[in-house]
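Open your viewer, get the sequence panel ready, and follow along stop by stop. At each stop I'll tell you what to select and what is there.

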Protein chains: 2
Amino acid sequence: MKTTFQSFDDVSDSSTCAPRLAALRAELAARGLTGLLVPRADEHQSEYVPKRAERLSWLTAFTGSAGIAAVLKDKAALFIDGRYTLQAAAQTDTALFEPRDLIAEGPGKWLEANAPKSGKIGYDPWLHTQSAIEPLAANVEKAGATLVACPSNPLDAVWSDQPEAPSAKALPHAFNLAGETAESKRRRIAEEAKAKGAAALVLTMPDSICWLFNIRGRDLPHTPFALAFAILAADGSADLFIDARKTSPELLAHLGQAVRLHAYTDFAPALDALKGKTVAADPNTAAAAIFARLEKAGAKLLRLADPCQLAKACKNPVEVEGMRKAHIRDGVAMAKFLCWLSREAPKGGLDEIAAAEKLEAIRATSEYLADLSFDSISAASEHAALPHYRVTRSSCLPIKRDAIYLIDSGGQYPDGTTDITRTVIVGTPTGEMKDRFTRVLLGHIALATAKFPEGTMGVQLDAFARRPLWQAGLDYDHGTGHGVGAFLSVHEGPQNISKRPVAQALKPGMVISNEPGYYKAGAYGIRIENLVVVRECADPGERKMLEFETITLAPIDLDLVEPLLMSEEEINWLNAYHERVRETLSPLLDGETQRWLAHATRLVQEESP
Amino acid sequence: MKTTFQSFDDVSDSSTCAPRLAALRAELAARGLTGLLVPRADEHQSEYVPKRAERLSWLTAFTGSAGIAAVLKDKAALFIDGRYTLQAAAQTDTALFEPRDLIAEGPGKWLEANAPKSGKIGYDPWLHTQSAIEPLAANVEKAGATLVACPSNPLDAVWSDQPEAPSAKALPHAFNLAGETAESKRRRIAEEAKAKGAAALVLTMPDSICWLFNIRGRDLPHTPFALAFAILAADGSADLFIDARKTSPELLAHLGQAVRLHAYTDFAPALDALKGKTVAADPNTAAAAIFARLEKAGAKLLRLADPCQLAKACKNPVEVEGMRKAHIRDGVAMAKFLCWLSREAPKGGLDEIAAAEKLEAIRATSEYLADLSFDSISAASEHAALPHYRVTRSSCLPIKRDAIYLIDSGGQYPDGTTDITRTVIVGTPTGEMKDRFTRVLLGHIALATAKFPEGTMGVQLDAFARRPLWQAGLDYDHGTGHGVGAFLSVHEGPQNISKRPVAQALKPGMVISNEPGYYKAGAYGIRIENLVVVRECADPGERKMLEFETITLAPIDLDLVEPLLMSEEEINWLNAYHERVRETLSPLLDGETQRWLAHATRLVQEESP
């Protein structure tokens, strides 16, 4: 079976580390540098970067989505967070790159202890945010060394076959999908920045720019970004800096007269023209190079959280309706896949790649699928215990009887982005599996049914999803919910639901995942993930309350549910959800899948112990 | 009935505002000042201050526990938080002091808009923390004015009958109550400060100092502080700055040789001797005067959260056992009071003051009572809807039939501090009252029974207590839990349980209140408050989990409970709690109270709708 949107090749090869590191060190020496920081980042600081920006993986062979290497003359370290401890150690050459804790230590403390006195540690100022570079510079200074901005990236000089920057056509995102004209968005964001005192707003985040200008692109796998920079003026007009190859007459017509197009490379020089003006930029997302250039140009800097992020996160009714439609389409694909899996898996012979390929093929039968929203996590047995597992030809496990299979996947449709996890048992589960699955489900239901006042942050709700596990001495080591874009990033801010206090209230229109889990290392893993939309309660009581509308539609495996652990209300929720799944999807399904779905969504009866 | 520890007199008289403000303005003019900040604070920045430091109430007639006035030549404002909006407007002369929002605006923004150009705004640097004064100075500068530290407080110069500073004897807090010697505490706190690089640690918080030196005092009503300053050296020896009248041969013997005693007034000069040393002080609690003096003296300042606060909050097993004993003693008093109330209230004729007096009299029959832990909140009918109500002769309401009565009170015992709220119905409740009371009880039970992993903060648990209200569109506008000291402050940090993210994990030994509520303005209010101790779960499952042990022992009014709203587990918790209350207290009670308690703690049966 051929898949279009994902590959299962082993992309990492640690044997390349030694020659590449040697080449880099030679280049650093030639430039008079004692070291270099190599982050996993591009000029736009999103989680998703083009191949050209995969410098960290080129150098260290570590392919995770977050990390940074610090290279000195005689030692080097690779900093990763807890998610990637095992993966980094397995992928990189640990004799060359010592894996270190990104959160507890980070490159700052490490350089403070290891940078040589009078050393010059280079960094590419386009690959670090202003907020990140300031404490790093202080750390390096404490070691008696200096952090030096490189005019060009030394690694790029030795990466001979570095891919070109992407140049795919940018596409208009139609009004019937966006629900608001770009002009209206630009006007209200400009008003917001103006109210804070800004004469111009520098925008660098790809999702902010795609949202603001109602454009999408194909510069990256899975995430429909058109990479660009923008400067929004106080009158709502804007300068958009984008590779000319990405434009088209259609795009120009769509952008209109108030958007002045410039070459991508003209962005930095354009900052000089802001001399004397109050210019807003987000220190947590905009590159240090931008702050340095604005300062040098004599602009008055205003540090301001990118206002597009919150505006974009609060979907309008058209976008919410698009998300619902995309989830019905995606639910049809999931039902067909789960039906196929329930028929084929017990026969034996299936493996993780075959299942992922089948699901992609089914999704691709939708005429609307633009891409998957990420590489599917297709995880059998003990692989399901790895929340960020990615199957490759060398890791691929068979899907066995009496074992758990977990599939976390999603699609990018023009009207919405989906992200769903289902965990199923092939054959018969153990009592422990049913206990754990039901606790995860109870947490999922507690969050799905929560009502909460305006102003409530995700950190206040997170424990609802964990309590059934906590009461049994169990927990899971990831967040419960991340924001999801509307045909944009499958992970988006500023909201989340996790143990970390993030000072962002949940607001109507925000889409967020509800995905508690349980992981037993070396044995099995469980996750139940639906997307929900924040909305106002119809019946608010004394106070205006918010609640979640679940928009993901696919059955939850009843063979893993223990009704004895559930209250009447919880069973009622499960039955009502399954009824909605069945009634929404059945008319769109073939006969076999309809029959399977009728059984998969059968009524659960309350049981007395 | 005579009460020793509380008075019900109306203490506030707005007619004094005009002459006092005029006198203050004359003094400011004589000193060349255009304005003055008058905070509700003393030199130690705790919530509890001696009468001498009640400058804000002397000037504005506002008697709340938090606030600040800003006085200019032609206008003045009184800044209070949401708790005190109504009270401030009622107490002060609003023609002279405009009530303003302390949180949304604060004196900083107000002075930025109102301070005259080139004006000199005075402040007493002993009454503001370093963290508070820095942004204030920036605000005043934006107005083109200057914030000026006053060498002596201008208000004190015109407050002719200002009370003396307290000089009550400081008392040793015995080892069998403290559970750890002062020497051991000093050694480990000194180690902690040393590990952060400090050669000396300046301590200013009264509860930190009383805890560290194992002393208590009677400088304030309700809170057993001996007011003093201290400097802890890296070797664990210390300088204690305390009014000589507070000392005694017994105290000196208790403190030992490693504690060098000095006059209270010698504290500031002693800071000069720290020249060249790295000195730690807490910018959020230590006075700006201390930072200024250390800087002038040439000390190297290290901003460090007062390490005694967390150490003190985590009670040792002896302190926890003392808290348990104090709560049994206090539970006996509460049972006697509630029994008396249930007999007398239906007859009519009782009022809020009579009830508060009776409860104090009963508590005072304990030979151990040192003080009440705060002025009782004795609130009938609509007064119960005011969470911070304090009854006075002029506000006192009768306790009526078929109405709610709420009593929030506590005792200071040498082995522990108590804080309990009970809400009772005299006669018959409405269905709404039962619904609301039961929802508050369900929230209380959800928090009381929570298990949670190490590292969990209060903000993550807060919603457990609110969910039963949220689901009905209801909420309450105060935190769910505050820390409580062991024969120290009834409100202590650093932990809490509230909507506000406070980055302090709950740790074993912490005592915290569990007090959800519901308030219907103008009608009635409900609060159920027990104290709990954080402890490790005996049966931790896969992970080390923590849980709460409820230590408050008094019946919860079953006439307000609607069992139809409760699950079997919740009813089981209520019955088990009541059984523990009955079995613990009954042997210590008279026959009448025993009989009443047996009924008050009767078994609740699960009911089917």
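Start by selecting B:Q460: of the residues of chain B, this one comes closest to the rotation axis, with its C-alpha at 2.5 Å. Before going on, two notes on how to read this tour. The model is predicted, so local features need pLDDT of at least 70 and side-chain atom pairs count only at pLDDT 80 or more, while totals for chains, interfaces and linings use all residues. Residues are numbered from 1 along each chain as its sequence is written, chains are lettered from A and ligands numbered from 1 in the order in which they are written, and side-chain values use heavy atoms, leaving out hydrogens and water.

**Both chains together**

Now show chains A and B in two colours. What turn lays chain B on chain A? A turn of 180°, with a shift of 0.2 Å along the axis, does it with an RMSD of 0.1 Å (the copies are superposed by least squares on C-alpha atoms of residues with pLDDT of at least 70 in both). The two copies are therefore related as by a two-fold rotation axis. The same surface serves both of them: 100% of the contact residues of chain B recur in chain A.

**The interface**

Next, select the residues where the chains touch. You should have 31 residues of chain B in contact with 32 residues of chain A (contact means heavy atoms within 4.5 Å). About 2,600 Å² is buried between the two chains, and carbon and sulfur atoms give 52% of that area; buried area is the accessible area, for a 1.4 Å probe, that two parts lose on being put together, summed over both.

Zoom in on B:D477 and A:R543. Their side chains meet in a salt bridge, 2.9 Å from N to O, and the rule finds two salt bridges across this interface (a side-chain nitrogen of Lys or Arg within 4 Å of a carboxyl oxygen of Asp or Glu).

Colour by secondary structure and stay on chain B's side. α16 (431-448), β21 (451-453) and α17 (458-470) each supply at least two residues that touch chain A. Which one gives the largest share? That's α17(B), with seven residues. Helices (H or I, at least four residues) and strands (E, at least two) are DSSP runs numbered from the N terminus.

**Chain A by itself**

Hide chain B and zoom out. Chain A has 19 helices and 28 strands. Its C-alpha atoms fill a box of roughly 75 × 55 × 45 Å, taken along the principal axes.

Select A:C396 next. You'll find it in the loop between β16 (377-380) and β17 (403-409) of chain A. Leaving aside neighbours within four places in sequence, A:C396 is in contact with A:D351, A:E352, A:I353, A:Y389 and A:V391. Now add A:K75: the two C-alpha atoms are separated by 34 Å, and the residues are 321 apart along the chain.

**Backbone oddities**

Go to A:P494, in strand β23 (residues 492-497) of chain A. A cis peptide bond joins A:G493 and A:P494, with omega about 5°. Bring chain B back and check B:P494, in strand β23 (residues 492-497) of chain B. The peptide bond from B:G493 to B:P494 is cis, with omega near 0°.

Last stop: A:N214, in the loop between α9 (206-212) and β9 (215-216) of chain A. Look at the backbone there: A:N214 has a positive phi of about 50°, although it is not a glycine.
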